[in-house]
Amino acid sequence: MGGTRETENRREAAICQSVRQGAEAILEKQMQLLEEFSGIDCGTGCLPGNRQVAERVSGWLRELGAAVEWEEEPELGIHVVGRIRPQNPAGKVILAAHLDTVFGEGMTAEHPFRREGDWAWGLGISDCKSGVVISLGAVEILQQAGLLPPWEVVFLFNCDEEIGSPSGSRLMERESRAADLALVLEGGREQDGVVRLITGRRGVILGTIDITGVEAHAGKDYLSGHSAVKELAHKILDLYAGNDYEKQIYYNVAPISGGRPNGVVAGSAHAEFCCAGLPTNQDFAREREKLQALEQASHDAGCRTVIREHTLFPAMEQTEANHRAFRQVQRGAALLGIPVEEAADAAATDACYYSSYGAGCVDALSAMGVGIHTTEEHVQISSIRRRTALLAASLALLEPERL
């Protein structure tokens with residue numbers, strides 16, 4: 001027993017030293033790729049820029065010996081899947097990040113990459129390109145040290161996360177079926193020096209309301225009309241009245257439109273809405289019942305309402321599988337002396353999909369970023385090194401019986 005513990009101690013010490021040194025050594029390679037990324041317009045649906053990013057990511061994956069698969073989605077771009085699969089793998093782990101940003105064409109030239117001290121600026125540099133380079137870097141340093149576990153490692157980099165992963169989610173479902181673990185590299189969280197690893201996120205519904213009324217002259221024939229704008233106004237107030245402040249489930253409506261000139265009673269009106277903060281998938285069913293009732297009820301019987309809705313992100317519930325996944329990453333953190341805690345977050349990411357498809361999931365494994373989704377987006381360089389070491393240590397210590 002003592003010999004076994006001594007052997008394990010030596011192994012853990014070797015892992016600790018290798019991932020720390022490796023994360024330091026690979027940092028400049030990661031920063032060079034981040035600088036390249038920051039000069040490419042790769043907002044969702046920007047096909048030329050997405051292709052450039054996919055090519056650069058695929059090049060690094062091939063350096064790792066990964067089998068690379070491209071799934072091209074019309075009007076959205078290329079999803080990149082990289083697979084390292086040993087014979088008789090002991091398990092399967094997914095490393096997930098996304099390639100798209102929220103920035104339009106031409107914006108990277110207006111906001112170029114720059115470094116100042118421990119920070120680097122660039123559009124999408126935190127959300128989510130740092131996650132991409134951390135996952136690639138972590139696997140490379142384990143390969144070089146001979147510490148990559150005998151697991152199938154799947155890199156899944158989708159190109160449509162910023163619009164809810166309508167096509168990428170199909171790949172997530174496919175890969176999650178046989179996955180033991182999904183590690184999602186969205187932006188990191190820390191509080192009072194403690195790393196917060198996310199195992200719960202809230203879901204989102206998106207929808208539209210279309211009202212059909214009856215047009216009429218707003219002066220001489222006003223009473224013959226049925227205003228779609230007025231009906232929409234009632235429906236908007238009904239949505240806001242459905243906010244659940246205790247559960248923190250909130251409706252928001254925007255944009256809205258309707259009618260023709262103000263001399264005509266509006267014959268049509270349109271609004272878009274979101275319902276955010278859904279903590280469980282049971283809450284989705286409850287809100288959908290409310291929306292169906294809203295569609296069927298009319299303040300003006302002369303108006304007809306059609307409500308269409310869809311899931312943007314399902315809820316990521318704090319399941320036992322997610323807790324076991326957290327404990328796996330916690331082992332890597334303990335090896336490096338990093339304090340961590342399990343936490344929930346209101347924002348939705350692709351982790352919601354991986355969790356709902358059954359993979360034990362941990363999110364927020366990427367670097368610390370500031371100003372995400374703004375033109376002042378920047379990332380802490382030293383945290384890229386720290387999070388690369390954390391991911392590498394967690395992978396090196398993978399043991400299927402702990403999941």
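A cavity here is a set of grid points where a 1.4 Å probe fits but cannot get out, and its lining residues have an atom within 4 Å of a point. This structure is a predicted model. With that definition, the count comes to one cavity of 30 Å³ or more.

Start with that cavity. The largest cavity has a volume of about 40 Å³. Strand 3 (92-98) and strand 6 (152-158) are the elements that give two or more residues to its lining. Strand 3 supplies the largest share, three residues. Ala96, Ala97 and His98 are among the lining residues. So are Leu156 and Asn158. Further along the chain, the lining also includes Val184, Leu185 and Glu186, as well as Asp350 and Tyr354. Cys128 belongs to the lining too. By class, the lining has seven nonpolar, two polar and two charged residues.

Now turn to the pockets. The largest pocket holds about 300 Å³ of space. Which residues come closest to its centre? They are Asp127, Glu161, Glu162, Ala348 and His373, out of 18 that line the pocket. Strand 13 (residues 304-313) gives the largest share of this lining, three residues. The classes here are seven nonpolar, five polar and six charged.

The second largest pocket holds about 190 Å³. One part of its lining comprises Tyr222, Leu223, Gly225, His226, Ser227, Lys230, Glu231 and His234. Val265, Ala266, His299 and Asp300 complete the list. Two of the names to look for on screen are Lys230 and Glu231. The lining divides into four nonpolar, five polar and three charged residues.

Next comes a sheet. Three strands form an open sheet in the order 8-9-14, with mixed pairing. Strand 8 (190-191) and strand 14 (340-345) stand at the edges. Each has a single partner strand, so one side of each is left without a neighbour in the sheet.

How do strand 8 and strand 9 run, parallel or antiparallel? Strand 8 and strand 9 (residues 194-201) run antiparallel, and two bridges join them. Take Glu190 as a marker: its bridge partner in strand 9 is Val195.

Finally, add a helix to this sheet. Helix 8 (residues 320-336) lies across strand 9 and strand 14. The helix runs at about 140° to strand 14.

Note on methods:
Residues numbered from 1 in each chain as written. Predicted model: local features only at pLDDT ≥ 70, side-chain atom pairs only at ≥ 80, totals over all residues. Heavy atoms only, no water. Pairing = 2+ DSSP bridges. Helix = DSSP H or I, 4+ residues; strand = E, 2+ residues; numbered from the N terminus. Contact = heavy atoms within 4.5 Å. Axes fitted to C-alpha atoms, helices over the stretch in contact; angles between N-to-C directions. 1 Å grid on protein atoms, 1.4 Å probe; cavity = no way out; pocket = protein on both sides within 12 Å on 5 of 7 lines; lining within 4 Å. Points joined across faces, edges and corners; volume = space filled by probe spheres on them. Nonpolar A, V, L, I, M, F, W, Y, C, P; charged D, E, K, R; others polar.
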